[in-house]
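Thanks for coming. I will take a few minutes to walk through one model, so please have the sequence and the coordinates open.

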Amino acid sequence: MDQRVSLITLGCRDMARASAFYEALGWKRVETPEGIVVFDLIGQALGLYPLEDLARDMGRAPEDLGTGAATLACNVRDKAEVAKVQAAAEAAGATILKQAHDVFWGGHIGYFADPDGHVWEVAHNPFSRLGPNGEFRWEGYGDG
């Protein structure tokens, strides 16, 4: 298996509400078959899929899927942008779980949950600079 994630799929109870949330953050949908919503990301895609259908595809009960045991992270270029992203997410319908704050390792992070409870971390990591197009690597892209 190649060391990459190609598609992240979130099970959603209300597809219209879920897609409106991400669109309110400024994300652009791509053309897809009916029943799924996809947003192309930098090097991956985020898919929204009806929770019942996702559970059926996995061979699990919807109540077994849960949310909150993992986070999706969006790294940003500077500390102030963490609060700006959280404010935009809250205005779009997110629940703020933890306000932007400094952390012990020298970064600045905050958490929110989308309308389906999927948890997002917004982070500024001064030790992992983003690439010119916003791409992230753990060891960063140097001064670029």
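**Notes on a predicted model**

I start with A70, which sits in the loop between α2 (51-58) and β5 (71-75). A70 counts as exposed, at 55% relative accessibility. Keep in mind throughout that this is a predicted model. From the C-alpha atom of A70 to that of Y141 there are 25 Å in space and 71 residues along the chain.

Next, helix α2 itself. Its buried residues are L51, L54 and A55. Those residues lie on the same side of α2, because they cover an arc of only 100° around the axis. Their cover includes β1 (7-12) and β4 (45-50). On the other side of α2 you will find E52 and R56, both exposed. R56 has a relative accessibility of 54%, and its side chain meets that of D53 in a salt bridge, with 3.1 Å from N to O. Both partners belong to helix α2 and are 3 residues apart, about one turn of the helix. D53 counts as partly exposed, at 25%. Just after α2 comes G59, with a positive phi of about 75°.

Now helix α1, residues 15-24. Which residues of α1 are buried? They are M15, A18, S19, F21 and Y22. The arc they cover around the axis is only 155°, so they too are on the same side of their helix, α1. The face turned away from that buried side carries A16 and A24, which are exposed. At the start of α1, a side-chain oxygen of D14 comes to within 3.2 Å of the backbone nitrogen of A16. Just after the helix, G26 has a positive phi of about 100°.

On to charges. How many salt bridges does a search of the whole structure find? The count is 7. One of them joins D116 and R17, whose closest N and O atoms are 3.3 Å apart. This pair links distant parts of the chain, since D116 is in the loop between β7 and β8 while R17 is in helix α1, 99 residues away. Is D116 buried or exposed? D116 counts as buried, at 4% relative accessibility, whereas R17 is partly exposed, at 36%. R13 joins R17 and D116 in a network of salt bridges. Another salt bridge pairs E23 with R29, at 3.5 Å between the closest N and O atoms. E23 is partly exposed at 35%, and R29 is partly exposed at 42%.

Two buried polar residues are worth a look. Q86 lies in helix α3, residues 79-92, and counts as buried at 2% relative accessibility. Leaving out residues up to four places away in sequence, Q86 touches I96, K98, Q99, A100, G110 and Y111. N125 is in the segment after β8 (119-124) and is buried as well, at 11%. The side chain of N125 reaches the backbone nitrogen of F127 at 2.8 Å. With the same sequence neighbours left out, N125 touches N75 and W105.

That brings me to the last item, on the surface. F104, W105 and F127 form a nonpolar patch there, with about 420 Å² of accessible area together. Of these, F104 is found in the loop between β6 (95-102) and β7 (108-113), and is exposed, with a relative accessible area of 83%. So W105 and F127 turn up twice, because the patch includes them and N125 touches W105 and reaches the backbone nitrogen of F127.

Methods
Residues are numbered from 1 along each chain as its sequence is written. This is a predicted model: local features need pLDDT of at least 70, side-chain atom pairs count only at pLDDT 80 or more; totals for chains, interfaces and linings use all residues. Side-chain values use heavy atoms; hydrogens and water are left out. Buried means under 20% relative accessible area, exposed over 50%, partly exposed in between (1.4 Å probe, protein chains only). Helices (H or I, at least four residues) and strands (E, at least two) are DSSP runs, numbered from the N terminus. The arc is that of the directions from the helix axis to the C-beta atoms. A polar contact is a pair of N or O atoms within 3.5 Å; within protein, one must be able to donate a hydrogen and the other to accept it, and residues adjacent in sequence count only if both atoms are side-chain atoms. Patches are made of residues with over 30% relative accessible area and no salt bridge: like charges are joined within 9 Å, nonpolar side chains (Val, Leu, Ile, Met, Phe, Trp, Tyr) within 5 Å. Accessible areas come from the Shrake-Rupley method with a 1.4 Å probe; for residues, only the protein chains shown count as cover. A salt bridge is a side-chain nitrogen of Lys or Arg within 4 Å of a carboxyl oxygen of Asp or Glu. Contact means heavy atoms within 4.5 Å.
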